[in-house]
Amino acid sequence: MIVSKVLQERRKLAERVMITRLSLYNTRMQKCDHTKLYNKISDKNVKLVRKRLTQTIIWPSEDDEIVGSLD
């Protein structure tokens, strides 16, 4: 009996904590400028992709055969 009562109280406490967290999250998200946040994340992603592309692309040197054949 005591164990089940303790478990029931813990579950109720967990539910109250979850409701409080959701309420706080909702309040914060309403104050947030979603367009600004989206653009900021998008700009960071573009910079990251460009950086990774420049790191992974093997640029041909001037004495490669391919460069001479393209002229």
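## A walk along three helices

Start by selecting helix H1: it is hardly covered, with 0 buried residues among its 30. Bear in mind as you go that this is a predicted model. While H1 is highlighted, put a distance between its first and last C-alpha. You should get 44 Å, close to the 44 Å expected at 1.5 Å a residue.

Now zoom out to the whole chain. Colour by secondary structure and you'll find 3 helices and 0 strands, running α-α-α from the N terminus on. How much of the chain is buried? Buried residues make up 0% of its 71 residues, where buried means under 20% relative accessible area. Switch on the surface and you're looking at about 7,600 Å² of accessible area, 59% of which belongs to carbon and sulfur atoms.

**Stop one: the salt bridge**

Go back to H1, residues 2-31, and show the side chains of Arg-11 and Glu-15. These two form a salt bridge, and their closest N and O atoms are 4.0 Å apart. The count for the model comes to 1 salt bridge, so this pair is the one to look at. Why can these two side chains face each other along the helix? Arg-11 and Glu-15 are 4 residues apart in H1, which puts about one helical turn between them. An α-helix has 3.6 residues a turn, so residues three or four places apart point the same way. Neither partner is buried: Arg-11 is partly exposed, at a relative accessible area of 47%, and Glu-15 is partly exposed too, at 38%.

**Stop two: a row of lysines**

Next, select Lys-36, Lys-40, Lys-44 and Lys-47, which gather in a patch of positive charge on the surface. Click on Lys-36 to get your bearings: this residue lies in helix H2. Is Lys-36 buried or exposed? With a relative accessibility of 62%, Lys-36 counts as exposed, because the cut-off for that label is over 50%.

**Stop three: the nonpolar patch**

Finally, pick Val-49, Leu-53, Ile-57 and Trp-59. Together they form a nonpolar patch on the surface with about 420 Å² of accessible area. Centre the view on Ile-57, in the loop between helix H2 (34-56) and helix H3 (65-70). Ile-57 is partly exposed, with a relative accessible area of 37%, so this side chain clears the over 30% needed to join a patch.

Terms used:
Residues numbered from 1 in each chain as written. Predicted model: local features only at pLDDT ≥ 70, side-chain atom pairs only at ≥ 80, totals over all residues. Heavy atoms only, no water. Patch = residues over 30% accessible without salt bridge, like charges linked within 9 Å, V, L, I, M, F, W, Y side chains within 5 Å. Areas by Shrake-Rupley, 256 points an atom, 1.4 Å probe, with all protein chains shown as cover. Salt bridge = Lys/Arg side-chain N within 4 Å of Asp/Glu carboxyl O. Buried < 20%, exposed > 50% of the residue type's maximum accessible area, 1.4 Å probe, protein only. Expected span 1.5 Å × (residues − 1). Lys, Arg positive; Asp, Glu negative; His and termini not counted. Charge placed at Lys NZ, Arg CZ, Asp CG, Glu CD.
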